[in-house]
Amino acid sequence: MNVLDQFRYSKDDPSQLNISLKKDPYEKSNNNNGNNLNHLLSTSVKVSKEIFPNIHSAIENVFNRLKIKNNLNFFITANHLQIQATCSAMPMGDSAEIILTSKLVELLNEEELESIIAHEVAHFYYQHALYPQPSSTKNRLEYLNLLNFSRAAEISADRIGFIGCGNLETSLRAMLKITSGLSEKHLKFNFSNYLDQLRELKETKGDPNLMYSTHPNFLNRMQALIWFSMSNEYNEHFNTGKKGTFDLKNVDDKIYESIKKVIGDEVEYSNREVVSRALMWGSIDIFLSDKKFSKKEQEIFKKNFGDKSTESIVSLIKISNPKSIQEKIRKTLEEASKLLKKDKEKIVNELSKLIKVVDGDKKIAENTIIKIKTSLKL
Ligand SMILES: [Zn+2]
């Protein structure tokens, strides 16, 4: 296991999404997408030892620290406006290119550049380019969850940026320079002052616009790195001689909560709402498998969802035709299919418990569970 596998941010877990990644990020893809490389070769300068010795050695340092193979192409492109690094890895091509803008290279020193290179290498290694784009969906819940994922991916990549340059302060400095666009001539690197800004932001209840951002706020990112550097796992692995303050799991939870304080908890709230709707309509689906909502089943339903919901459901069933009830169930489950895997599994686990208590044929109820699983895309 290398450091990338070991220290990935736990909320950046692609198994929660309905996607398939390559087993090995270096695996060649069948789809040939050489156009991108051709375009770069004609418009940008490829990094080689001879042309850009400093950048070349920065790249070598990164791969030595991360102990992974380098089969990536690095390019410098003239762009004096944007301080940017991008990894145009895959998803279709069989090569990966990392492109650094001239402005980025001018602004950062060699060590800081290492943190950015390692950050981009992490995007390649983790196959973040294969995550569904938030803009690809029209469903709001899915959109918000994908944005959460995109932000988690950045936290993972920042972590590798830090490990790849080998120095916490260097990676924080690189973040500050990129965010402010200013060189060290203008910046004072007193990190606790910046974290005061984060405290202030949280006290003013955050910035709801950040909920729509693919990247976490730079203050959250800096804090995430500082906490990571305080984890037991990091200090043990790198023999820093220091004792950690938190377990890595604890650090990951703190980061998640801290980002939530800034972006607000609408995402979590929406997810919870959808889970509870799916539980309610899923229960009805199971109870109605035998076409009857018996008194005993109504009592169980009441215990789970309260008197009021039970009353309105019972009268709804009385006045509606079964097709429209089925349609309501279908819509609710379709909405829930946009949830993360862990939430969908929770729904199925809860609903499975009902099999024991249904009045009708248990086999039919079991089939309903299978149908629900399919509807949830599990
Ligand atoms: Zn990134």
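Colleague: How far apart do the C-alpha centres of domain 1 and domain 2 lie?
Modeller: This is a predicted model. The domain assignment gives domain 1 as 3–264 and domain 2 as 268–375. Their C-alpha centres lie apart by 42 Å.

Colleague: How many residues of domain 1 are in contact with domain 2?
Modeller: Contact here needs C-beta atoms within 7 Å. On the domain 2 side, eight residues take part. On the domain 1 side, the number is eight.

Colleague: Which helix gives the largest share of the side of domain 1 that touches domain 2?
Modeller: That side divides into two nonpolar, four polar and two charged residues. Four residues of the side come from one helix, residues 140–165. This is helix α6.

Colleague: Is strand β4 largely enclosed or open?
Modeller: Take its faces in turn. E97, I99 and T101 are buried on one side. I98 and L100 are buried on the other. Five of the five residues of β4 are buried, so the strand is largely enclosed by the rest of the structure.

Colleague: Which residue of β4 does I76 stand opposite?
Modeller: Look at strand β2, residues 73–77. Five bridges join β2 to β4, and the two run parallel. Opposite I76 in β4 stands L100.

Colleague: What is the bridge partner of T86 in β4?
Modeller: Strand β3 covers residues 85–87. Three bridges join β3 to β4, and this pair runs antiparallel. For T86, the bridge partner in β4 is I99.

Notes: Residues are numbered from 1 along each chain as its sequence is written. This is a predicted model: local features need pLDDT of at least 70, side-chain atom pairs count only at pLDDT 80 or more; totals for chains, interfaces and linings use all residues. A residue is buried if 20 or more other C-beta atoms lie within 10 Å of its own, exposed if 12 or fewer, and partly exposed in between; C-beta atoms are placed from the backbone. Two strands pair if DSSP finds at least two bridges between them. Domain bounds come from an automatic or database domain assignment. Two residues are in contact if their C-beta atoms, placed from the backbone, lie within 7 Å. Ala, Val, Leu, Ile, Met, Phe, Trp, Tyr, Cys and Pro count as nonpolar, Asp, Glu, Lys and Arg as charged, and the others, Gly among them, as polar.
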